[in-house]
Amino acid sequence: MNDSKERIWKKIALFYALTMLFSGVFDAFILVAGKMDAGNLLYVTGGMWSPALSAFATKRFFRENVRELPWHWGRSRYAWLGYLIPIGYALPVYIIVWLTGLGGFASADFVRRTAEQFGWSRFPPNLALGLFILLTATFGLVGKMSRALGEEIGWRGFLVPELAKVVGFPGVGLISGLMWALYHYPILLFADYNAGTPALYGLTCFTIMVVADSFILAWLVLRAGSLWPAAIFHASHNLFIQNILTPLTTDTGPTKYIIDEFGIGLVITIAVGAIIVWNKRAELPILGAWDKSSAAKAS
């Protein structure tokens, strides 16, 4: 379907309004509870699936088929990139923090608690730690993927291809990134999502990080012609930062200002990643005409 620009912007506006409405309901439950893990993470799951539900509803409203979304798998290379890129930009930050004393690594108390949680109290500490990292980095992706997919169906499966029809790559990355960042603000400012930095500092770092990530994610989706690399990327990002690297790190004072999604470290490394994909934007299908045929060629 050759949409007019006006129709495309109307679809984008409806999608975003519905996303903020649906996610706002779940955000309200989180804010009342005051913590992200309230409701056995069902509130978080609902909020993260709001973009997908909004994409489906928008498609329905405009009499379009949800099968038009980039569901096909594409080349496995891009799925692997989705898994590995977050490790590539997160691990150097934490290694520098551990080596310089800006944060501690795997305190004895953390190893003991982890061993008890997994039933490994009789295992040597290094073995317990290694098994924790291995199992979390592999099977842990399943749970993260189940929630990340909901966001990526909406943000990168629907929004990015629609934006690519009306703006260039800079606009796709910037607009989708700012929309994605704003969607997180209620729980970032009023719940316990922030890892402990001052609100303005954390909000600034998080926003820049998300916008930079959005350039990488947009490049992945447009290059692969598939939403799956973005879903894997999102799941990998959350998994390694939230469940492995940050838990492994002991706060020594300045630590929280450098690590996690609210520190300056990821802002720098993800910005480098955004610059790399910016320099590779010529590899993308012609923006403004991104459709199923160009996606097929890219894959």
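This report walks through helix 4, the nonpolar core, a surface patch, the salt bridges and two unusual backbone angles. The structure is a predicted model, so please read each value as computed from that model.

## Helix 4 and its two faces

A good place to begin is helix 4, which spans residues 108–118 and has F110, V111, T114 and A115 as its buried residues. Why do these four sit on the same side of helix 4? They cover an arc of only 130° around the axis, and that places them on the same side. The face turned away from this buried side carries A108 and Q117, both exposed.

What does the buried side of helix 4 pack against? Its partners are helix 5 (125–138) and helix 9 (228–248). Just after helix 4 comes G119, a residue with a positive phi near 75°.

F110 lets us look at this packing in detail. The residue lies in helix 4, and it counts as buried because its relative accessibility is 8%, under the 20% limit. Leaving out residues up to four places away in sequence, F110 touches L129, F132, P247 and L248. For a sense of distance along the chain and in space, take F110 and G143: they are 33 residues apart in sequence, and their C-alpha atoms are 22 Å apart.

## The nonpolar core

In soluble globular proteins, nonpolar side chains tend to be buried together. Here the largest nonpolar core has 89 residues, and W155, L248 and L266 are those with the most contacts inside it. Which helix gives this core its largest share? That is helix 8 (residues 199–224), with 16 residues.

You have already met L248 as a contact of F110. L266, for its part, touches Y89, A90, V93, M209, I241, I258, D260, E261 and A271, again not counting residues up to four places away in sequence. Keep D260 from that list in mind, as its backbone comes up again below.

## A nonpolar patch on the surface

Nonpolar side chains also appear on the outside. I264, I268, V272 and I276 form a surface patch, with about 340 Å² of accessible area together. I264 belongs to helix 10 (residues 264–279). With a relative accessible area of 37%, I264 is partly exposed.

## Salt bridges

How many salt bridges does the structure hold? There are 14. Among them are the three in this table.

| Salt bridge | Closest N and O atoms | Relative accessible area of each residue |
|---|---|---|
| K11 with E162 | 3.2 Å | K11 1%, E162 3% |
| R156 with E152 | 2.6 Å | R156 0%, E152 0% |
| D251 with K256 | 4.0 Å | D251 48%, K256 25% |

The bridge between K11 and E162 links distant parts of the chain: K11 is in helix 1 (residues 5–33) and E162 is in helix 6 (residues 140–164), 151 residues apart. K11 counts as buried, and E162 is buried too.

The bridge between R156 and E152 has another arrangement. These two residues are separated by about one helical turn because they are four residues apart in helix 6. R156 counts as buried, and E152 is buried as well.

D251 and K256 make a salt bridge in which D251 is partly exposed and K256 counts as partly exposed. Beyond single pairs, salt bridges that share partners join R7, K11, K59, E64, E68, E162 and K165 into one network. K11 and E162 from the table are both members of that network.

## Two positive phi angles outside glycine

Finally, two residues deserve a look at their backbone. L41 is not a glycine, yet its phi is positive at about 70°. Where is L41 placed? This residue is in the loop between helix 1 and helix 2 (42–61), and at 31% relative accessibility it counts as partly exposed.

D260 is also a residue other than glycine, and its positive phi is near 65°. D260 sits in the loop between strand 2 (249–251) and helix 10. Is D260 buried or exposed? At 9% relative accessibility, D260 counts as buried, and it is among the residues that L266 touches.

Methods: Residues are numbered from 1 along each chain as its sequence is written. This is a predicted model: local features need pLDDT of at least 70, side-chain atom pairs count only at pLDDT 80 or more; totals for chains, interfaces and linings use all residues. Side-chain values use heavy atoms; hydrogens and water are left out. Buried means under 20% relative accessible area, exposed over 50%, partly exposed in between (1.4 Å probe, protein chains only). The arc is that of the directions from the helix axis to the C-beta atoms. Contact means heavy atoms within 4.5 Å. A nonpolar core is a set of buried Ala, Val, Leu, Ile, Met, Phe, Trp, Tyr and Cys residues joined through side-chain atoms within 4.5 Å. Patches are made of residues with over 30% relative accessible area and no salt bridge: like charges are joined within 9 Å, nonpolar side chains (Val, Leu, Ile, Met, Phe, Trp, Tyr) within 5 Å. Accessible areas come from the Shrake-Rupley method with a 1.4 Å probe; for residues, only the protein chains shown count as cover.
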